[in-house]
2 protein chains.
Amino acid sequence: MTRVSRRRLLGTGALTAAGAVVSAAAAPSAAARTAPLTADVVIVGAGLSGLTAARDLVAAGRSVVVLEARDRPGGRVYGMPLGDGTTNEGGAEFIGPTQDRIAALAKDMGVDTYATYNEGKNVYYRGGKRSLYATDGLLGAVPPDWGVVDLELALLKLGGMVKEVPVGEPWKAAKAEEWDAQTFHTWSRSNSLSSGARFLMDAFASSTLSVRSQEVSLLYLLNYAASAGNEANPGTIDRLINTRGGAQESRFVGGSQEVPIRLAARLGDIVHYNAPVRSIVTEAGGVTVTADGITVSAERVVVAMSPAIAGKIDFSPALPASRAQLVQRYPMGSVAKFVAVYDTPFWRADGLTGQAVADSGAIDATFDNSPPDGSRGILMGFMNQANIRKLDGAPAADVRAAGLDSFTKLFGDKAANPTLTAFQRWDNETWSGGGPVGVAPPGALTAFGPALREPCGRVHWAGTETSGYWTGYMDGAVRSGERVAKEVDAAL
Amino acid sequence: MTRVSRRRLLGTGALTAAGAVVSAAAAPSAAARTAPLTADVVIVGAGLSGLTAARDLVAAGRSVVVLEARDRPGGRVYGMPLGDGTTNEGGAEFIGPTQDRIAALAKDMGVDTYATYNEGKNVYYRGGKRSLYATDGLLGAVPPDWGVVDLELALLKLGGMVKEVPVGEPWKAAKAEEWDAQTFHTWSRSNSLSSGARFLMDAFASSTLSVRSQEVSLLYLLNYAASAGNEANPGTIDRLINTRGGAQESRFVGGSQEVPIRLAARLGDIVHYNAPVRSIVTEAGGVTVTADGITVSAERVVVAMSPAIAGKIDFSPALPASRAQLVQRYPMGSVAKFVAVYDTPFWRADGLTGQAVADSGAIDATFDNSPPDGSRGILMGFMNQANIRKLDGAPAADVRAAGLDSFTKLFGDKAANPTLTAFQRWDNETWSGGGPVGVAPPGALTAFGPALREPCGRVHWAGTETSGYWTGYMDGAVRSGERVAKEVDAAL
């Protein structure tokens with residue numbers, strides 16, 4: 001391969017400080033799709049991390065091409081059609097305090113936020129019995145039995161361990177080997193006795209990661225909590241799981257997908273859709289990235305996706321063993337969301353937040369996903385990994401029935417008759433492979449963790465999994481895009 | 001796609017009972033490589049499982065095309081060049097009692113076996129101290145300290161649990177959930193107190209699976225031992241780890257690779273090399289399998305490789321979620337072998353078997369890999385996952401020095417000056433992704449285990465990972481090929 005030209009696809013039209021839409025005049029036209037393209041940097045994936053990296057590299061005067069497998073931007077950020085022309089979040093949804101980078105991006109894109117509905121009591125459903133509790137968050141309070149003390153002691157211990165994890169480099173913790181040798185399930189059983197505490201610790205893993213507590217390394221989970229903060233505010237379990245003051249505090253007006261959609265629109269024609277990347281070849285002088293219908297020559301490539309999905313790309317020469325082994329050891333969770341639309345948010349009149357946690361039924365955690373004005377009521381339920389397995393291959397009618405059965409048990413008979421329902425599972429999505437995030441089983445982070453971010457020659461890595469703060473969240477994705485853009489710009 | 005023809009590529013030239021080489025007259029010529037081929041069955045992968053499936057399907061009168069990514073058959077069975085025109089096993093090597101199916105295949109191919117050299121004492125190297133022990137096998141005996149009792153009690157418990165695992169369906173064990181919730185590391189620490197016992201249990205996991213004990217689910221390990229047998233002889237830990245009476249009892253004259261090489265030769269031109277499969281499309285009436293340079297239309301496809309590597313193929317329509325998630329949860333170990341050739345097997349004169357276990361240095365387990373007549377001496381050392389990480393990216397001279405340093409500590413100064421050395425690591429092999437076998441972390445088998453073997457429409461699965469007995473071994477590969485051939489033949 002000859003030396004890649006430094007042609008600036010966007011010329012002087014880089015993003016202005018005010019965020020004006022860049023002219024796409026110099027970008028390749030759709031008709032040129034089959035001709036080989038050249039750029040300084042090719043970015044694989046138009047999720048938040050890839051788009052943010054593109055934004056910053058364009059602003060730095062670099063020419064960029066973004067290749068996206070899907071026909072839309074956003075990756076795991078997606079507005080699920082409700083069937084009436086509107087959408088509701090099928091993937092990443094919330095924003096909370098210390099999530100500064102997604103907040104800045106949303107502000108720049110003109111996407112406002114509003115508080116997640118959080119007035120009233122939450123529902124706790126366990127062993128066929130429904131009760132209510134007043135405190136915020138899934139684990140903020142549990143029904144008054146002796147499990148409360150048991151759980152609080154366990155969380156106190158966990159919280160202390162969280163503080164000992166170097167954010168984004170958990171393999172450097174003094175006790176990294178000990179914590180990475182066991183599952184969170186093992187730890188929770190060794191450090192609690194009550195079934196109530198154990199259930200809620202399982203629910204903690206399941207609702208934040210969409211894997212069973214058996215699957216996740218204790219070290220990974222500790223790092224996940226340590227990452228729930230920013231440079232000035234160390235991460236905590238509470239900030240991870242709470243609504244008020246936590247990661248579920250606010251939502252985006254019009255839906256979270258407005259952020260990547262507007263950013264992609266601003267980037268213009270440098271973003272190519274329906275272009276799944278199949279191979280990345282590094283030769284002296286540059287890389288050649290081949291997608292269906294498009295080949296791009298560039299100096300550097302940013303792979304902006306989860307490790308598991310990056311593992312499907314054919315690299316030549318082969319990636320170093322540590323990276324090749326890592327991508328086999330970072331499986332995605334099995335998150336799914338079921339949404340039902342009602343004429344009114346009827347649960348509010350009953351004094352309920354719309355938030356619930358349940359040990360049975362298809363849905364194990366819920367939120368009020370209504371629009372800001374409450375003009376209609378929308379309940380959203382997470383289906384966890386164990387529950388979604390039972391719906392593998394189920395027809396849509398069965399999924400709907402299972403979802404509504406859960407909502408009815410949690411919020412009463414009014415939940416049985418929605419005007420619309422919608423369902424999104426991520427483990428069936430070829431270009432995500434699951435969600436919300438890649439999760440490390442025991443032994444992976446201590447042996448292979450550094451390969452998450454370490455560039456392999458001209459190949460750089462982004463995606464929320466590579467972020468220190470707010471890994472697994474939109475904020476982590478944006479942070480990773482900003483980090484990789486600096487990394488690549490310095491290397492060019 | 002139109003209905004696939006049932007053209008018999010091998011016509012009446014199917015394998016005879018006597019194993020005569022089949023005429024390849026009707027097979028496609030090399031010149032036809034770019035033209036689309038048709039067959040009843042396309043098999044992806046020319047390792048032992050794929051080749052065995054091809055053998056049986058051809059014998060059943062089916063037309064078969066085999067597509068292999070590498071330029072050779074055998075997959076993880078490979079004769080590593082020593083540099084003087086001879087080879088030594090770089091991958092799968094041994095054969096032992098109850099491994100009936102690889103034994104039958106080898107016999108049919110005219111490949112003889114001979115006893116692994118096992119006369120004398122074994123070396124135990126720990127904490128910088130070298131000692132000898134007499135009993136067979138890595139764990140058959142340990143130096144006389146109180147760890148012996150500790151270890152024997154732990155192995156007794158483990159052995160009892162092994163008996164409770166339904167071979168090949170560990171998720172059906174009564175205690176499957178409990179055993180799949182923890183790592184083998186957690187179990188070994190909870191059930192032993194001495195550092196000696198713990199070290200040897202780690203060595204057990206490491207030497208059989210090439211992963212650290214932190215990575216492997218207790219349930220997976222129990223199943224691995226349960227699989228070390230046949231229909232008449234239940235699997236045991238001893239049969240897994242022993243030389244005499246165990247999986248390391250014998251070797252193949254000329255090297256294990258003679259088996260797949262001869263089988264592939266017998267199958268003739270239906271095996272296509274340098275043909276990595278990129279996509280498998282199922283449509284009404286058949287499948288279209290696209291490899292570099294070759295497209296094959298068939299009624300059924302057999303994917304004969306580990307789950308992790310199968311996960312790199314692009315399936316359309318997407319595979320069911322349970323399968324898509326499984327392939328993210330079955331990582332390959334990091335096995336590597338270092339071999340040194342000497343004028344004589346000098347350790348034999350010192351009363352040593354050539355077998356050793358070590359807690360430090362690049363090599364953690366060794367065997368005498370000399371030819372049957374002992375006309376020269378060959379030491380083989382396994383480098384485990386933790387050690388091989390330290391040699392990531394190391395130049396060949398450093399690897400050689402590290403290997404010889406280990407051999408010298410274990411077998412004395414004579415080991416320092418070999419005539420030849422060779423090195424094979426599998427985590428750098430694109431088409432294996434590691435070795436010897438895919439290993440399930442906690443939580444994978446109980447949630448996703450059945451997806452290992454369950455066909456997905458016209459897509460069938462083979463590979464040693466899918467075998468009940470001797471999963472992870474050549475015998476398991478052959479068994480899986482025989483099982484899938486029956487499965488596909490019945491479905492055609």
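Hi everyone, this is a short tour of how two chains sit together, how two helices cross, and what the cysteines do.

One thing to say up front: the model is predicted.

Let's start with the two chains. In general, two copies of a chain are related by a rotation about an axis and a shift along it. So what turn lays chain B on chain A? Here the turn is 180°, with a shift of 0.0 Å along the axis, and the RMSD comes out at 0.0 Å. The two copies are therefore related as by a two-fold rotation axis. If you want to find that axis from chain B, look for B:Lys312, whose C-alpha is the nearest to the axis in that chain, 2.3 Å from it. And the copies meet through the same surface, because 100% of the interface residues of chain B are also interface residues in chain A.

Now zoom in on chain B and two of its helices. Helix α3 covers residues 147–162 and helix α6 covers residues 195–209; their axes come within 8 Å and cross at roughly 45°. That angle is why α3(B) and α6(B) count as oblique to each other. Which residues of the two helices make the contact? From α3(B) you have B:Gly147, B:Asp150, B:Leu151, B:Ala154 and B:Leu158, and α6(B) brings B:Ala197, B:Leu200, B:Met201 and B:Phe204. By type, that contact has 7 nonpolar residues, 1 polar and 1 charged.

Last stop, the cysteines. How many disulfides are there over all chains? The structure holds 0. Is A:Cys456 buried or exposed? A:Cys456 has 14% relative accessibility, so this residue counts as buried. In the other chain, B:Cys456 has a relative accessible area of 15% and is buried too.

Thanks for listening!

Definitions and conventions: Residues numbered from 1 in each chain as written. Chains lettered and ligands numbered in written order. Predicted model: local features only at pLDDT ≥ 70, side-chain atom pairs only at ≥ 80, totals over all residues. Heavy atoms only, no water. Least-squares fit on C-alpha atoms with pLDDT ≥ 70 in both. Contact = heavy atoms within 4.5 Å. Disulfide = S-S within 2.5 Å. Buried < 20%, exposed > 50% of the residue type's maximum accessible area, 1.4 Å probe, protein only. Axes fitted to C-alpha atoms, helices over the stretch in contact; angles between N-to-C directions. Helix = DSSP H or I, 4+ residues; strand = E, 2+ residues; numbered from the N terminus. Parallel < 35°, antiparallel > 145°, perpendicular 65-115°, else oblique. Nonpolar A, V, L, I, M, F, W, Y, C, P; charged D, E, K, R; others polar.
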